[in-house]
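User: Could you take a close look at one helix for me, and then show how it sits in the rest of the chain? I'd like to know which of its residues are buried and what comes right after it.

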Amino acid sequence: MAQKRQHPNDSTTAPRYLGLDFSTQQIKAVALDNDLREVYSSAIGFDRDLPEFKTDGGCHKNGDRVTAPTSMWVKAFDMLLEQMKSDGFNFGTLLSVSGSGQQHGSVYWKRGAREVLREGLNAAQTLFDQLNTSFATPNSPIWMDSSTTAECQKLEELLGGAQNVANVTGSRAYERFTGNQIAKIYKESSDVYNNCERISLVSSFGASLLLGDYAPIDYSDGSGMNLMNIRTKEWDQQALDACAPELKERLGPLAPSFHPVGSVSPYFVQRYGFSPDCKVIAFTGDNPASLAGLRLQEGDVSVSLGTSDTLFVWLKEPKPALEGHIFVNPVDAEDYMALLCFKNGSLARERVRANVGIQTWEEFSALLQSTSPGNGGNIGIYFFDTEITPFAIGEHRFDASGKKVDVFERSTEVRALVEGQFMAKRVHAENLGYDIGPTSRVLATGGASKNSAILQVLADVFNAPVYTLETENSASLGAAYQARYGLIYQSHKFQEIGENLPAYQLAAEPNADAAKIYTPLAARYKRLEKSVITSK
Ligand code: XUL
């Protein structure tokens, strides 16, 4: 059964904005009213609601090749709309729709598919029945695929090295990035490539369904392909040529993430009662959409403390590096965002908790609070699993003199872990161009953001106040915000749309001497981290 939630007022005729999220395991819809309050949500889970596609976690894994059936997404979209219809959702109230998609995944439209989208859709039939033969390959590679190491090496070689690829495209070559995925398809299945008329990202694919035509790829999600120049916001010809011939025409144009790309196609007007004036705002990637959903501002960092930890950093002047990703900012195309993933998040926190022989987070907090900021100069680096940022593994402990030691006393160990994790975040954010300023804020989300002792360390290390907020569905919410913003961006700033929304909760403020302690300690951490890096 689909999950749904409906506000009692939903049958009203007041204006609505719709955000769709095409994520790895489900498609979700969130509708907001004019005050951006959620009035409706519904979701279709791929494994649960579409068992005929036999996916596990929304995909098929074959070694390091990971794909999803493209037509499953089409069918899920049909089901989601039918679900909304049977819930009595009034599609005619929608002024605009936007969406987000799992990043990097790609869709290969077959020659002739544009014609079907534009002219051939019959409102009496499902999209699935009419489009399931419109793809040059039935399987879309997704972000979990890691089978393109050879293509990455080739791209870095042809563009003069990893740092050069990062300077142009915002990231060094990554296996899941779409250019390398396209290069693999071209190399291994040239018939698929030759028979393909347009390549969409999952995001622009979703927009194309609604638009009844190929939607442009947006700047932010386009930054996750290793193909777009993040400064000129144009395709980089050298990168295109390194991946496959005649690629530019298959990718089509690019657009700012909050721009209207057209109105919904007559199919949706006839079948579901959308207004013919309902605008489609460019769809974007789920991480950029989440930045919008969190309502990040210039100077802000968001830290999601989950199984792995993820950082979004708002940047004015990006400095691409070998770790992390720079994307064009989804709500201000002149600015940028950095995305940093730290694999050793909660699992590492849980492991250290177990290692020091305690069962609860209360005891963990008590040990943390029994030690002083700066930990007497002791620094720990805990990469139990091979870390992504940086690429390194192992437990490393250093005393105040910089000497490697095998063990710390229990409370020192706990503080070393938490300080080490947050100094890593600060150092890598700074490496990409982040600069802690007087108005900087840290927004903490995820499981560990409930722990105030941990948040105090976060505030001290970043020397900035820490706020928390509930963010169960920041991607679909961000997409719905973009739907609203796309109608008014010419006269408003993105931040203005959220003026009536609840404020964030202040959770921790930095101690007066935080900068004095952590600026030099973070510099020391940076040097020590370098010394434990395994070269890639
Ligand atoms: C980001 C990434 C994932 C997907 C998940 O680079 O690969 O976060 O976007 O949906």
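**A close look at α9**

Analyst: In α9, the buried residues are Val202, Ser203, Ser204, Phe205, Gly206, Ala207, Ser208, Leu209, Leu210 and Leu211. Keep in mind that this is a predicted model. Buried here means under 20% relative accessible area, and 10 of the 10 residues of α9 (residues 202-211) meet that, so the helix is largely enclosed by the rest of the structure. Right after α9 comes Gly212, with a positive phi of about 70°.

For a contrast, try α5. In this helix, which spans residues 149-158, the buried residues are Glu151, Cys152, Leu155 and Glu156. Looking down the axis of α5, you find these buried residues within an arc of 135°, so they line one face of the helix. Their cover includes α6 (162-169), α7 (178-188) and α11 (237-243). α5, too, is followed by a glycine with a positive phi: Gly160, near 85°.

Now for some backbone oddities outside those helices. Most residues other than glycine have a negative phi, and most peptide bonds are trans. Leu36 is not a glycine, yet its phi is positive, about 65°. You'll find Leu36 in the loop between β3 (26-32) and β4 (38-45), and with 2% relative accessibility it counts as buried. Lys233 is another non-glycine with a positive phi, about 60°. Its loop runs between β12 (228-229) and β13 (234-235), and at 13% relative accessibility Lys233 counts as buried. As for the peptide bonds, the one from Thr389 to Pro390 is cis, with omega near 0°; Pro390 sits in the loop between β22 (379-387) and β23 (392-398).

Zooming out, the protein chain has 20 helices and 27 strands. Its radius of gyration is 23 Å, close to the 24 Å that the globule rule gives for 536 residues, so the chain is as compact as a globular protein of that length. Along the principal axes, the C-alpha atoms fill a box of roughly 75 × 55 × 45 Å. Buried residues account for 62% of the 536 residues. If you take contacts between residues at least 6 apart in sequence, 73% of them join residues at least 24 apart.

On the outside, the chain exposes about 20,300 Å², with carbon and sulfur atoms supplying 48% of that. As for charge, there are 51 positive and 63 negative ones, and their mean positions are 2 Å apart.

Key
Residues numbered from 1 in each chain as written. Predicted model: local features only at pLDDT ≥ 70, side-chain atom pairs only at ≥ 80, totals over all residues. Heavy atoms only, no water. Buried < 20%, exposed > 50% of the residue type's maximum accessible area, 1.4 Å probe, protein only. Helix = DSSP H or I, 4+ residues; strand = E, 2+ residues; numbered from the N terminus. Arc of directions from axis to C-beta. Contact = heavy atoms within 4.5 Å. Rg over C-alpha atoms; globule rule 2.2 N^0.38 Å. Areas by Shrake-Rupley, 256 points an atom, 1.4 Å probe, with all protein chains shown as cover. Lys, Arg positive; Asp, Glu negative; His and termini not counted. Charge placed at Lys NZ, Arg CZ, Asp CG, Glu CD.
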